[in-house]
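Welcome! Below are a few exercises, each followed by a worked solution. Keep the 3D view open and try each task before reading on.

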Amino acid sequence: MIYAVDFDGTLCKSAWPDIGKPRKWLIRWLIRKWQHGHKLILWTCREGESLDKALVWCAAHGLMFDAVNENLPERIALYNNDCRKIGADYYIDDKNLFLRGVNK
């Protein structure tokens, strides 16, 4: 499975442009998924320095990604293209129903 996961409001509480408190339960769940061979894509609007800070923050929490704001390398090779839409089986975002009640 491929999981595309948002950063602000999802992996951490919203505190833009800062980084909020971690959602430890979600981070632990994603780490277990990755350890079992699932793929993780960080799917965020952050870029540049703010993206770098987010990646350092994620690594400090033990969370690594197979791709960041792009499709997995094997999908890019398969289609000879990295289209704007990130291809995933699941999209985890604070704007979707999965986490809507958690953001309070």
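A crossover is right-handed if, with the strands pointing away from the viewer, the path from the first strand over the helix to the second runs clockwise. Helices (H or I, at least four residues) and strands (E, at least two) are DSSP runs, numbered from the N terminus. This is a predicted model, in which local features need pLDDT of at least 70 and side-chain atom pairs count only at pLDDT 80 or more, while totals for chains, interfaces and linings use all residues. Residues are numbered from 1 along each chain as its sequence is written, and side-chain values use heavy atoms, with hydrogens and water left out.

**Exercise 1. The sheet**

Find the order of the strands in the open sheet, and say which unit S1, H1 and S2 make.

Solution.
- Step 1: The open sheet has 4 strands in the order S3-S2-S1-S4, with parallel pairing. Two strands pair if DSSP finds at least two bridges between them.
- Step 2: The edges belong to S3 and S4 (90–92); each has a single partner strand, so one side of each is left without a neighbour in the sheet.
- Step 3: Now take S1 (residues 2–5), which is joined to S4 by 3 bridges and to S2 by 4 bridges.
- Step 4: Look at individual partners. Tyr-3 has Tyr-90 of S4 as its bridge partner, Val-5 stands opposite Ile-92 in S4, and Ile-2 is bridged to Lys-39 in S2.
- Step 5: Follow the chain through S1, H1 and S2, and you trace a right-handed β-α-β unit.

**Exercise 2. The two directions of S1**

Sort the side chains of S1 by the way they point, and decide whether they are buried or exposed.

Solution.
- Step 1: Ile-2 and Ala-4 point one way, whereas Tyr-3 and Val-5 point the other way.
- Step 2: All of these residues are buried, a word that stands for under 20% relative accessible area; exposed is over 50%, and partly exposed is in between (1.4 Å probe, protein chains only).

**Exercise 3. Helix H1**

Work out which residues of H1 are buried and where they sit around the axis.

Solution.
- Step 1: H1 has 12 residues and spans 16 Å from first C-alpha to last, close to the 16 Å expected at 1.5 Å a residue. That expected span is 1.5 Å times one less than the number of residues.
- Step 2: Leu-26, Ile-27, Leu-30 and Ile-31 are the buried residues of H1.
- Step 3: Down the axis of H1, they fall within an arc of 135 degrees, so they line one face of the helix. The arc is that of the directions from the helix axis to the C-beta atoms.
- Step 4: On the other side of H1, Lys-24 and Gln-35 are exposed.
- Step 5: After H1 comes Gly-37, with a positive phi near 95 degrees.

**Exercise 4. Helix H2**

Find what the buried residues of H2 pack against.

Solution.
- Step 1: H2 (residues 48–60) has 13 residues and reaches 19 Å from its first C-alpha to its last, close to the expected 18 Å.
- Step 2: Its buried residues are Ser-50, Leu-51, Ala-54, Trp-57 and Cys-58.
- Step 3: These cover an arc of only 120 degrees around the axis, which puts them on the same side of H2.
- Step 4: They pack against H1 (24–35), S2 (39–42) and S3 (67–68), where contact means heavy atoms within 4.5 Å.
- Step 5: The other side of H2 has Glu-49, Lys-53, Val-56 and Ala-60 exposed.

**Exercise 5. The aromatic cluster**

Which residues form one aromatic cluster with Tyr-3?

Solution.
- Step 1: The structure holds 4 aromatic pairs. Rings of Phe, Tyr and Trp (its six-membered ring) pair if their centres lie within 6.5 Å; planes under 30 degrees apart count as stacked, over 60 as edge-to-face and the rest as tilted.
- Step 2: In one of these pairs, the ring centres of Tyr-3 and Trp-29 are 5.4 Å apart with planes at 85 degrees, so the pair is edge-to-face.
- Step 3: Tyr-3 lies in S1 and Trp-29 in H1, so this pair ties together parts that are 26 residues apart in sequence.
- Step 4: Tyr-3 and Tyr-90 are stacked, at 5.3 Å centre to centre and 15 degrees between the planes.
- Step 5: Tyr-3, Trp-29 and Tyr-90 therefore appear as one aromatic cluster.
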